[in-house]
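The report below works through one protein model, taking its sheet, a helix, its charged pairs and two loop positions in turn. Please read it alongside the sequence and the coordinates.

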Amino acid sequence: MVYVMMADGTEELEALAPVDVLRRGGVEVQTVGVTGKTVRLSHGVLMHCDAFIDEIAPDEEKIDAVILPGGMPGTINLENSAKVHRIIELVDEKGGLLCAICAAPSILGHRHLLEGRRATAFPGFEKDLYGALVCTDKAVVRDGNIITARGAGAAMEFALDILAALTSSEKAQETAKAMQCQ
């Protein structure tokens, strides 16, 4: 199971590209509303999520990855949720993937999960990647169980990297080809 966390102000493309790509790749994905079951994304799109955060039982489910899309104030809304922090903690403890794009890598940075690891974020958020080896020359960076990306323009590459990590590079290439990404 992959959780894609969404809150009011989440960037549409950063949330929905991974949902679309992962589902095409056969990965079970659940969109989780943090500020409500229906959230108003950063450009006014209303998204009815699969579940509200109070409806899920992350302690009882096998979670392979959590995806934190960026956008403002979406990133702030995600970071202000103790339940989001609990999910990050659970996924990290079990060695699952922690994936964050745009401003959202700052959430992982504030939790000191990026120390000594390569990471990237939207320009201006590098200061929030506490202890990270910041890669400003890459749109998407994977270091161990953490995948970070710079912003909306990298959303498809981010999504395909997550799919490759969860399945295989061949599955990601096959999905990219079917979507005319290559």
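## Charged pairs, sheet and loops

K83 counts as partly exposed, at 41% relative accessibility, where buried means under 20% relative accessible area, exposed over 50%, and partly exposed in between (1.4 Å probe, protein chains only). This is a predicted model, in which local features need pLDDT of at least 70 and side-chain atom pairs count only at pLDDT 80 or more, while totals for chains, interfaces and linings use all residues. Residues are numbered from 1 along each chain as its sequence is written, and side-chain values use heavy atoms, with hydrogens and water left out.

K83 is paired with D54 in a salt bridge whose closest N and O atoms are 2.1 Å apart, a salt bridge being a side-chain nitrogen of Lys or Arg within 4 Å of a carboxyl oxygen of Asp or Glu. This pair links distant parts of the chain, since D54 sits in the loop between β5 and β6 and K83 in helix α3 (residues 82-93), 29 residues apart. Helices (H or I, at least four residues) and strands (E, at least two) are DSSP runs, numbered from the N terminus. D54 is itself partly exposed, with a relative accessible area of 46%.

The structure holds 10 salt bridges, and three of them are set out here with their N to O distances and the accessibility of each partner.

| Salt bridge | N to O distance | Acidic partner | Basic partner |
|---|---|---|---|
| D54 and K83 | 2.1 Å | D54, 46%, partly exposed | K83, 41%, partly exposed |
| D64 and K62 | 2.3 Å | D64, 26%, partly exposed | K62, 61%, exposed |
| D128 and K127 | 3.2 Å | D128, 12%, buried | K127, 61%, exposed |

In the pair of D128 and K127, then, the acidic residue is buried, whereas K127 is exposed. Salt bridges that share partners also join D59, R86, E89 and R111 into one network.

Which strands form the open sheet, and in what order? Its 7 strands follow the order β5-β2-β1-β6-β7-β11-β10, with mixed pairing, and two strands count as paired if DSSP finds at least two bridges between them. β5 (51-52) and β10 (140-143) stand at the edges with a single partner strand each, so one side of each is left without a neighbour in the sheet. β10 pairs with β11 (residues 146-149) in the antiparallel sense over 4 bridges, and within this pairing R142 has I147 in β11 as its bridge partner. The hairpin of these two strands has 2 residues between them, and G144 takes a positive phi near 65° there.

Helix α5 lies across β1 (2-6), β6 (65-68), β7 (97-101), β10 and β11, and runs at about 175° to β7; axes are lines fitted to C-alpha atoms, for helices over the stretch in contact, and angles run from 0 to 180 degrees between N-to-C directions. Contact means heavy atoms within 4.5 Å.

α5 (155-166) also serves, together with α1 (12-24), as a packing partner for the buried residues of α6. In α6 (residues 169-178), the buried residues are A172, T175 and A176. Seen down the axis of α6, these buried residues fall within an arc of 100°, so they line one face of the helix; the arc is that of the directions from the helix axis to the C-beta atoms. On the other side of α6, E170, K177 and A178 are exposed. Q180, which follows α6, has a positive phi near 65°.

Two loop positions complete the account. L114, in the loop between α4 (105-110) and β8, is buried with a relative accessible area of 0%. Leaving aside neighbours within four places in sequence, L114 is in contact with residues including P105, L108, A119, L129, Y130 and I146. The C-alpha atoms of L114 and R150, 36 residues apart along the chain, are separated by 15 Å.

E126 lies in the loop between β8 (118-119) and β9 (133-134) and is partly exposed, with a relative accessible area of 28%. Apart from neighbours within four places in sequence, E126 is in contact with V134 and T136. A polar atom of the E126 side chain lies 2.7 Å from the backbone nitrogen of G124. The C-alpha atoms of E126 and G74, 52 residues apart along the chain, are separated by 18 Å.

Notes. Polar contact = N/O pair within 3.5 Å; in protein donor to acceptor, adjacent residues only side chain to side chain.
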